[in-house]
Number of protein chains: 2
Amino acid sequence: MEILLAKSAGFCFGVKRATQMAFAAAAEYSHICSLGPIIHSPQVVDKLAEQGVEVIEQVENIPAGAVIIRSHGVTAGEIQAILDRDLTMVDATCPFVKKAQEYAARLGAEGYSVVIVGEAEHPEVQGIVSYAATGQVLVVANAAEAEKLPRLGRVGIVAQTTQSFENLRQVADICMKKSRELRVFNTICDATTVRQNEAREIAQQVDVMLVIGGYNSANTTRLAHICQEILPDTHHLETAQEIESSWFTGARRVGITAGASTPRWLIDEVVSRVAELAGK
Amino acid sequence: MEILLAKSAGFCFGVKRATQMAFAAAAEYSHICSLGPIIHSPQVVDKLAEQGVEVIEQVENIPAGAVIIRSHGVTAGEIQAILDRDLTMVDATCPFVKKAQEYAARLGAEGYSVVIVGEAEHPEVQGIVSYAATGQVLVVANAAEAEKLPRLGRVGIVAQTTQSFENLRQVADICMKKSRELRVFNTICDATTVRQNEAREIAQQVDVMLVIGGYNSANTTRLAHICQEILPDTHHLETAQEIESSWFTGARRVGITAGASTPRWLIDEVVSRVAELAGK
């Protein structure tokens, strides 16, 4: 049984940076927590907990010491609350997410109606929204939702960093029709697109596809859906322990990829387990 | 023979305003000229000449007195030269063109690479270009030309007022890919689109189509081409004198439209002449 492992599987730049910052902070501070899970990987969050990093959901529940800001960011209000409480802040917000927050803030301050292309319920989007909140803020998931927007004067667009360019383009086209002035900040990080494209290519060449990553990870779930559309024999899993040997009956090739918040060691464990089953 | 006359035939808002201002100025000033033909209608320019409005192409050749700025605008340098010479300026620039000039100036001053969607050789575009000229200015006619643009940082787009929205949209889409920030001012005046759409509808219902307007008028020429694609029996003419009775042999319906710089009286003369031939 041959294994095709995606080159783009695993940590993206922002997640890698945040994880490194979190482990370094855990070594530096005796009292440390993260505001919400630092990345959408329960296994990494568990490892950090072993180093003393507790996950706390509300700023008011942080006892004292240092607090790590997760890779996909928090709201402007939460940052302010941390500063007000004089806690030590370790800001591990992905620089690309930070850019999106800054652009949203600027657009809001300059009087634009701010349109955020993304999933309204995703914490990254909620963070971006909070920065734009001086004016009118509208979150749209896609072209169909953009069509429902009213006629607007000056529109500024910012995208959730994991959106596809095609989706941003479609929303921008509709906003161009509905506005006198349109300003688009292309805040998309192409790591997501690169990973999705590679997963598509691999899924077309294999008999079974494994997508590793947190069940709470939006980008992993999306990645699994994309592969499933091409290959019904796709499995979304968090760890090697979930692998069932029956998945590979008659399979000659297995494809493996992983979401942006999946650490290398989880991927390696899955590869080893599959190789072990292949050897039997 | 039935005549279908387009509702949208003839003067657009900017041309009507410029013509009225020119005739009023001719009555007010004893020494008056226009910098370039005020509109692209030789017949209107002739009527103005009868009122003493001379067409002068260069500011330095204006002897003295008042100068009318044509509907589609002039360059920033020409405006400055007029002000420097202390001539009286009657600014008949279409307010929509003026907006495009202002947006181009603002984008240039704010450090954007300015992309102007339009025909590089059209005086309106040359005027807009001159206002943006503090920074990088690029004129692109269509998507194919936009594809040739290099990768750009911050891009601001302004359109020639007579462009189609579809063309603006296509160029904007390409610039969105090539830039970090895109700003689009939708400076299109939809009079052109309305006129073209109505011409298309009429051309489909008639046996002969007449398109009236200056041979030097870009919008009239484009209008004639659009009709010709639908109906080869389309004639572009400037005046009723050019009509040939042979055009209508066997025709049951005749469609008539006119460009944005064609005055009502020229349209009326054509309608009368066609009606006369129909009566024979």
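The exercises below, each with a worked solution, deal with a predicted model and with the contact between chain A and chain B.

**Exercise 1. The extent of the contact**

Task: State how many residues each chain brings to the contact, and how much area is buried between chain A and chain B.

Solution:
- Step 1. Count the residues on each side: chain A gives 18 residues and chain B gives 18 residues.
- Step 2. Choose a way to express size. The size of an interface is often given as the accessible area lost when the parts come together.
- Step 3. Read off that area: about 1500 Å² is buried between chain A and chain B. Carbon and sulfur atoms account for 55% of this area.

**Exercise 2. Charged and polar pairs**

Task: Give the number of salt bridges between chain A and chain B, and check the pair Arg169(A) and Asp173(B) against the cut-off.

Solution:
- Step 1. The count between the two chains is four salt bridges.
- Step 2. In the pair Arg169(A) and Asp173(B), the closest N and O atoms are 2.6 Å apart.
- Step 3. The cut-off is 4 Å, so a nitrogen of Arg within that distance of a carboxyl oxygen of Asp qualifies. Arg169(A) and Asp173(B) do form a salt bridge.
- Step 4. For polar contacts, 10 residue pairs are found across the interface of chain A and chain B, both residues being at pLDDT 80 or more.
- Step 5. Next, locate the elements involved. On the side of chain A that touches chain B, at least two residues each come from helix H4 (95-109), helix H7 (165-178) and strand E9 (181-185) of chain A.
- Step 6. H7(A) supplies the largest share of that side, seven residues.
- Step 7. Sorted by class, the side of chain A that touches chain B holds nine nonpolar, two polar and seven charged residues.

**Exercise 3. Strands that pair across the chains**

Task: Describe how E9(A) is joined to E9(B), and name the bridge partner of Leu182(A).

Solution:
- Step 1. Strand E9 of chain B covers residues 181-185.
- Step 2. E9(A) and E9(B) run antiparallel and are joined by five bridges.
- Step 3. Within E9(B), Val184(B) is the bridge partner of Leu182(A).

**Exercise 4. An unusual phi angle**

Task: Find what stands out in the phi of Asp86(A), and decide whether Asp86(A) is buried or exposed.

Solution:
- Step 1. Recall the usual case: most residues other than glycine have a negative phi.
- Step 2. Asp86(A) is not a glycine, yet has a positive phi of about 65°.
- Step 3. Asp86(A) lies in the loop between helix H3 (76-84) and strand E5 (88-91) of chain A.
- Step 4. The relative accessible area of Asp86(A) is 72%. Exposed means over 50%, so Asp86(A) is exposed.
- Step 5. Turn to chain B: Asp86(B) has a positive phi of about 60°, and is exposed, with a relative accessible area of 71%.

Key
Residues numbered from 1 in each chain as written. Chains lettered and ligands numbered in written order. Predicted model: local features only at pLDDT ≥ 70, side-chain atom pairs only at ≥ 80, totals over all residues. Heavy atoms only, no water. Contact = heavy atoms within 4.5 Å. Buried area = accessible area lost by both parts, 1.4 Å probe. Salt bridge = Lys/Arg side-chain N within 4 Å of Asp/Glu carboxyl O. Polar contact = N/O pair within 3.5 Å; in protein donor to acceptor, adjacent residues only side chain to side chain. Helix = DSSP H or I, 4+ residues; strand = E, 2+ residues; numbered from the N terminus. Nonpolar A, V, L, I, M, F, W, Y, C, P; charged D, E, K, R; others polar. Pairing = 2+ DSSP bridges. Buried < 20%, exposed > 50% of the residue type's maximum accessible area, 1.4 Å probe, protein only.
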